[in-house]
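Colleague: Could you take a close look at the empty space inside this one for me? I'm new to this, so please walk me through it slowly.

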Amino acid sequence: MYASGNLSSQFLQWAFVMYLAFYYSPGGGTGFRELLPIGLTTAVLAVGRFLDGFLEPVVGYWSDRTRTRWGRRIPFIMFGGFPMCLFFLLMWYPPFPDSLPLTTLHLVVTNTAFWFCITLVFCPYLALLPEIARSSQDRVFISQLMQVFLMLGTGLVMILPSVFKRNDYGHTGMYAVVALLALVAIYMPVVGVPEKRFTRARGDEDDYTILQALKWTFTNRAFLVYVISSLFMLLGFQTILNTFMYVITVFLGKPQSFTAVVFGIIAVSVFVSFFFIHRFASRYSKKLMLSVSYLALCAALPMLYLLDAETVFGMPTITVACVFFFIMGVPVAGIICLGLPIIADIADYDEKVTGKRREAIFFGAQGILQKYTISLTYLTQGFLFGRFGYSVDNPFGIRLIGPVTAVFVLLGLVIFLCYPLDEKTLTLKPTIPFRWKKTR
């Protein structure tokens, strides 16, 4: 029931990433109406994510300090789920599509409010994982189960375009269905997870401010190394996701519904990879498996540069593209299922050092940096597309996405090699605070 809540996140965020920029700015030669110029659309989306970033640590601190009869996390999910889905739906219904200023204003307001609600719900939701899963194996397993729901949500979102007919303003009925499914999914943890029964009883803790909590968090060496490396990976991976629809429609000349085929290829690769990742992460370490995933993603991304040709290595481009999508699934599986357990490990070690249990502030601190990084992905996309082109006649900006994002992921890998925790370290009793400065 806990893992099924991840369906809601994937319904909403995947639809946002895959379709929203294309919905407002489909590009020349695609045959769809353009509501906003691509530079304006990506700037608005970047601003929404940037402003939302300020809320992440606030929600994390608020959730860590909350005491209710439902627990510390469930109330945020309970009261934030409905407005989150409502603002998502409103983004796809611009009331004045013929007015550039009013359409821009509508997108600014609904996009910003939607991401505020996402933070209000999913920062506490993710912080619940370390409390209901205590062992490393349980955390990896539940994280993988969350990714199974993630893939299920992704598949439904990709299949829906083939069910609904496109009109001038997009698949309006499709986005209503997505919002409804997300609404049902987000209340599954509320109904099925009695938080107070699973979490450990806590005594009274010393009072501390949000600035103190953030200071402790950002002086935690393990967290700092991991989060900086993950941000470079996110900068590359999210930029690829932002441009997926352009690769399919501009490069491959396929309809939007072809995303279902792409998803099927990636899903098979991810599911097969899950078995190996779970086995090797238990046998070796999460650090090793995540490092290998970074390296594999870095090696795969430059292949995107080749997909604009009629043939690649003497083979049809569509065949090479399918191979590319399958290869992408292997590192994606490692990245999406190991990140949450690593943050949970960091929170555990931090509790040993400080005596305070602060899962949400770690997810909140990570979230604020992720939001700023995602803002940069839209600006990166907007710059490359605006400077080098993203249309059928001039797609060079799309081709550059592969090599540019590979460099970002490579930087993330180099930084992550300095990550100081592993399964053996976590079992040891710390003798000094695990921070940059050795202070008591």
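Modeller: Sure: the largest cavity holds about 1,200 Å³ of space. Keep in mind that this is a predicted model. How do you spot something like that? Rolling a probe the size of a water molecule over the atoms shows where empty space is left. Here the count comes to two cavities of 30 Å³ or more.

Now for the walls. A set of 46 residues lines the largest cavity. If you want to find its centre on your screen, pick out Gln-13, Leu-150, Leu-234, Ile-336 and Gln-370, the lining residues that lie nearest to it. Several helices give two or more residues to this lining, among them helix 1 (6-24), helix 5, helix 7 (136-163) and helix 12. From further along the chain come helix 14 (259-283), helix 15 (286-300), helix 16 (317-354) and helix 17 (359-388).

Which helix gives the most to that lining? That's helix 12, with eight residues, so let's stay with helix 12 for a bit, because 19 of its 22 residues are buried and the rest of the structure largely encloses it. Helix 12 runs over residues 221-242 and reaches 31 Å from its first C-alpha to its last, close to the 32 Å expected at 1.5 Å a residue. Have a look at where helix 12 starts, too: a side-chain oxygen of Asn-220 comes to within 3.1 Å of the backbone nitrogen of Ala-222.

While you're at it, go back to helix 1 and helix 5, which both help line the cavity, and turn to the aromatic rings. The structure has 25 aromatic pairs. One of them is Trp-92 with Tyr-175, a stacked pair at 3.7 Å centre to centre, with 10 degrees between the planes. These two are 83 residues apart, so to speak from distant parts of the chain: Trp-92 sits in the loop between helix 4 (74-91) and helix 5 (100-127), while Tyr-175 belongs to helix 8 (residues 172-186).

Are those two buried or exposed? Trp-92 has 0% relative accessibility, so it counts as buried, and Tyr-175 counts as buried as well, at 1%. Both belong to one aromatic cluster, together with Phe-16, Tyr-23, Tyr-24, Phe-88, Phe-114 and Trp-115.

Last stop, some arginines over rings. Arg-387 lies over the face of Phe-388, at 5.2 Å from the ring centre. Arg-399 does the like with Tyr-305, at 4.1 Å from the ring centre.

Key: Residues are numbered from 1 along each chain as its sequence is written. This is a predicted model: local features need pLDDT of at least 70, side-chain atom pairs count only at pLDDT 80 or more; totals for chains, interfaces and linings use all residues. Side-chain values use heavy atoms; hydrogens and water are left out. Rings of Phe, Tyr and Trp (its six-membered ring) pair if their centres lie within 6.5 Å; planes under 30 degrees apart count as stacked, over 60 as edge-to-face and the rest as tilted. Helices (H or I, at least four residues) and strands (E, at least two) are DSSP runs, numbered from the N terminus. Buried means under 20% relative accessible area, exposed over 50%, partly exposed in between (1.4 Å probe, protein chains only). A charge sits over a ring if NZ of Lys or CZ of Arg is within 6 Å of the ring centre and within 35 degrees of the ring normal. The expected span of a helix is 1.5 Å times one less than its number of residues. A polar contact is a pair of N or O atoms within 3.5 Å; within protein, one must be able to donate a hydrogen and the other to accept it, and residues adjacent in sequence count only if both atoms are side-chain atoms. On a 1 Å grid over the protein atoms alone, a cavity is a set of points where a 1.4 Å probe fits but cannot get out, and a pocket is an open set with protein on both sides within 12 Å along at least five of seven lines; lining residues have an atom within 4 Å of a point. Grid points are joined across faces, edges and corners, and a volume is the space filled by probe spheres set on the points.
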